[in-house]
Amino acid sequence: MVVRQYAVIGLGRFGTSIARRLHEAGQEVLGIDINEERVNDAEQYVTEAVIADATEKKSLVSLEVDTFDCVIVAIGDDLQTNILTAMLLKELGVKKTIAKALGRRHGILLEKVGVDWVIYPERDMGERVANQLLSPNMLNYIELSKNYNIEEIVIPKHMEGKTLRELDIRAKYNLSVIALLRDGEIIVTPPVDQEFEKEDLLVMIGHRDDLAKFSSL
Ligand code: ATP
Ligand code: ATP
Ligand code: CA
């Protein structure tokens, strides 16, 4: 696995989740917060944690943020601090910047500043919850465009023991099966006569409405 260097600025709930997960996955994570208590707590789940004010250019310079592969602005509630930090990161030439936005207008500002990936945690999580409700058998998905997704869907009970050919999935449901996940193994482009088993996960590509229908079967 490639080990990359990340810096997470702002160790609230959002920043903490990102930092912890990256660190668990073996990545190098520097946690930065203005609050000493937060920095002390962070020491258990990051590679290194430092107290610094991210709106001070000289602090960011001395932390050499420009040498990191990716810097995440997880300062939430204070708009000014969040945007100023993002601007400084761009100014210092950070390779990849990610920032949390509170709402659409805030997000537009961050995009103007040149942030590479603007995240709307409440909006995105709300959409995920709704999608999960619409597609109860769906475990995971990737949005390819506004209307097309790749989704992992648990095989419906009545399809166990049947094959792609018998089920005629492309013709009947307008979906293509690109892979099959079984016992942690992946079978890419499963043969048309492969029988499905209980708990198989189908990786399917198609229109989100067709996917929602299939995953409610
Ligand atoms: P979350 O919404 O992620 O749970 P929170 O609501 O506790 O976080 P926020 O105001 O969103 O707190 O800020 C997240 C973190 O950013 C806090 O721990 C805060 O101390 C830190 N922070 C705020 N301003 C700065 C700054 N100028 N430099 C570095 N860290 C900062
Ligand atoms: P198609 O033109 O749709 O590929 P085909 O006449 O070439 O069909 P086969 O490839 O033998 O026939 O497959 C028979 C049927 O099985 C297809 O019509 C399709 O409905 C279904 N099928 C085959 N492969 C897939 C797949 N990867 N995903 C979904 N359905 C499939
Ligand atoms: Ca908050």
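Q: How many residues surround ligand 1?
A: First, a heads-up: this is a predicted model, where local features need pLDDT of at least 70, side-chain atom pairs count only at pLDDT 80 or more, and totals for chains, interfaces and linings use all residues. Residues are numbered from 1 along each chain as its sequence is written, and chains are lettered from A and ligands numbered from 1 in the order written. A residue is near the molecule if its C-beta atom, placed from the backbone, lies within 6 Å of it. The closest include Gly10, Gly12 and Arg13, and the full count around ligand 1 is 21.

Q: Which element gives the largest share of the shell around ligand 1?
A: Helices (H or I, at least four residues) and strands (E, at least two) are DSSP runs, numbered from the N terminus. Helix H1 (13–24) and strand S2 (28–33) each give two or more residues to this shell. The largest share, three residues, comes from H1.

Q: Which strands stand at the edges of the sheet, and why is one side of each left without a neighbour?
A: The open sheet has six strands in the order S3-S2-S1-S4-S5-S6, with parallel pairing; two strands pair if DSSP finds at least two bridges between them. One side is left without a neighbour because each edge strand has a single partner strand, and these strands are S3 (48–51) and S6 (117–119).

Q: What is the bridge partner of Ala7 in S4?
A: Strand S1 (residues 5–9) runs parallel to strand S4 (residues 70–73), and four bridges join them. In S4, Ala7 is partnered by Val71.
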